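Take a look at the structure below. The text after it walks through two bound ligands, one after the other.

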Amino acid sequence: MSQALNLLREVFGYPAFRGQQAEIISHLAQGGDCLVLMPTGGGKSLCYQIPALMRDGVAIVISPLIALMRNQVAALHEIGVRAAVLNSSLTRQETVSVERNLIAGDYDLLYVAPERLLTARFMNLISNIRIALFAIDEAHCVSQWGHDFRPEYMQLSILHERFPEVPRIALTATADKDTRKDIVERLGLSTAMVFISSFDRPNIRYRIVDKTDRYSQLLTFILKEHSGEAGIVYCLSRKKVEETAAWLTKQGLLAVAYHAGMSMQERNESQEKFLRDDSIIMVATIAFGMGIDKPNVRFVAHLDLPKSIEGYYQETGRAGRDGLAADAWMIYGLGDVILQQRRIEESEANPVHKQVTLRKLEAMLSLCETSTCRRMQMLSYFGETVTIAACGNCDICLNPPEIWNATVEVQKALSCVYRTGQNFGVRHLIDVLRGNLTNRIKEWHHDKISTFGIGKDLSVSAWRSIFRQIIALGFLKTASNEYGALRLTEKSREILKGQRAVFLHQREKSKRLSEEQPNDDLNNLNMSERALWNQLRIWRATTAKEQGVPAYVIFHDATLLELVRLCPQNANELSQVAGIGARRLEKYGSHLMAILLANSQADG
Ligand code: ADP
Ligand code: ZN
């Protein structure tokens, strides 16, 4: 193992392995197959990059993400690793030259797209060279369950048939069991060692807040907590993506849009801009994000309710890959619940599929309405054994909601649904409860029923909050008709009969989190540290521009932050900083020392 550790320190500049990296690397380096399930940001790349350097021959990395391969290779070049890309973005000449170098044994790693790998030409080419290993990245693409399915991935079992002696490692950040089963079956990995890491991302702070006004809430969140930083804003529809991006731009922020209705070229441009810029907001549908390895995404905001916890966790997982503090922030309201339920009700999908989709939405809703730790709820949803009750870094832990006995109010709401014939939507029901003599109420004579005016004591927003929670809890469901009418369910009977109490929570009264507990590593810097941080960022931006690569390829924020905190005074101290290996020390050491020393003099 000491060889692997040396490579980690010398080449990558990191002091120690994380989680299961050491075991995975050792198993693969000795020729064993592996299946690695690790969350985004967990450090999957090192699991094959280090064995690639330890074993004879070239490691072939299969990835569906053509647009991102170049940046991965650029980052490897930065630390002196011999790597190349082979995909459809190369010219004929470039392709020939890469193939020639490959045969000459000039690469430690070669990144290829699956469709290229499967060509007869490429298969012949690699039959004559020594292969260190095959790494199958984003291995969940083999599964028809997920939305990232790639038919070419199904054919990757050929690797094992053609090259039985070459070890394979399949990697994914998708946690669910069906996908895992598919990967094992389709890729012929039944004898592979399976490594499952905890999917916890402790540096991400989860928050779900009541939706009042999407735009102003979003703007306040960004300006107060993430001004000048990079983030992703997810919306449900293409139209909302475009409107939100345009609106943010009008507010003077740098924002780009991404959705499946845009042309390939427009999408690539947006993505490229997002990867390069350090203070840019990507507004997107869920079409955006697979494999995006921008490490310094400081926040992921959801303006609409995701369809499942799987999706939500994957999307929010794109925040904070560098391990620094990051926010997953979502606004959610009654309208979201009704919209999502109706979409499923009205969809043409077969009943089994509908049931599955509904069950996933229910789990998502119960996460939104929970009054216990959100992180623990998500981890146990993924089947992890949760050993503590609270994480201390989600809104519920930081600021527990007030719980109240709402049995009487819920009974009033349910009986109002019953008395009006289960044919009306929330707005009308609240009018009846609050005793508003609207035209509709007169038309239906709902001022004559027993529930008219029995809820005068509560405001409209209080009633909306109650309805939202009881729908999410399954005491009411939306019917598929044009009004969005609400119906009673099996569960609601027990409440109407007084056999069961209902406790709801009140988030409105809770104090503002952000003002009390800032979630930002940079907030803790003093004035002179902040000045140094800014200088280092400017130097990094200039250097990145000169080389035509994103800033994080030069150094991650985590490395810059450690430079600020430790303020090394000589080359030896500099090499102790995580992220500075031999190659970077040689390349940038003197520039960095100049900045650091000038800063200490100014300070002293
Ligand atoms: P994944 O592919 O699992 O999402 P990456 O391989 O991109 O994650 O790694 C995420 C981040 O963690 C990268 O910035 C990487 O350099 C860093 N990293 C990985 N392993 C280590 C380690 N042992 N020590 C410090 N940083 C690490
Ligand atoms: Zn928590």
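A backbone N or O atom of A16 sits 2.9 Å from a nitrogen atom of ligand 1. This is a predicted model. Two glycines also approach ligand 1 through their backbones. A polar backbone atom of G41 is 2.6 Å from an oxygen atom of ligand 1. For G43, a polar backbone atom lies 3.1 Å from an oxygen atom of ligand 1. On its own, ligand 1 has 560 Å² of accessible area, and the protein covers 84% of that.

Now widen the view to the surroundings of ligand 1. There are 15 residues around it, and the nearest are Y14, G41, S45, R321 and H556. G41 thus appears both in this list and among the backbone contacts. By character, the shell holds five nonpolar, seven polar and three charged residues.

Turn next to ligand 2, a zinc ion. Which protein atoms hold the role of donors to the zinc ion? They are the SG atoms of C373, C391, C394 and C397, at 2.3 to 2.4 Å from the ion. Along the chain, these donors follow the spacing C-x17-C-x2-C-x2-C.

What is the geometry of the zinc site? The site is tetrahedral, with angles of 100 to 117 degrees among the four donor atoms. For comparison, the ideal angle for four tetrahedral donors is 109.5 degrees.

Two of the donor cysteines can also be placed by their exposure. C391 has 23% relative accessibility, so it counts as partly exposed. C397 has a relative accessible area of 23% and is partly exposed as well. Buried would require under 20%.

How values were computed: Residues are numbered from 1 along each chain as its sequence is written. Chains are lettered from A and ligands numbered from 1 in the order in which they are written. This is a predicted model: local features need pLDDT of at least 70, side-chain atom pairs count only at pLDDT 80 or more; totals for chains, interfaces and linings use all residues. Side-chain values use heavy atoms; hydrogens and water are left out. A residue is near a molecule or strand if one of its heavy atoms lies within 4 Å of it. A polar contact is a pair of N or O atoms within 3.5 Å; within protein, one must be able to donate a hydrogen and the other to accept it, and residues adjacent in sequence count only if both atoms are side-chain atoms. Accessible areas come from the Shrake-Rupley method with a 1.4 Å probe; for residues, only the protein chains shown count as cover. Ala, Val, Leu, Ile, Met, Phe, Trp, Tyr, Cys and Pro count as nonpolar, Asp, Glu, Lys and Arg as charged, and the others, Gly among them, as polar. Donors are N, O and S atoms within 2.8 Å of the metal (3.2 Å for Na, K and Ca); water is not among the atoms, so sites may look incomplete. Four donors count as tetrahedral if all angles lie between 85 and 135 degrees; four count as square planar and six as octahedral if opposite donors are over 155 degrees apart and all others between 65 and 115; anything else is irregular. Buried means under 20% relative accessible area, exposed over 50%, partly exposed in between (1.4 Å probe, protein chains only).
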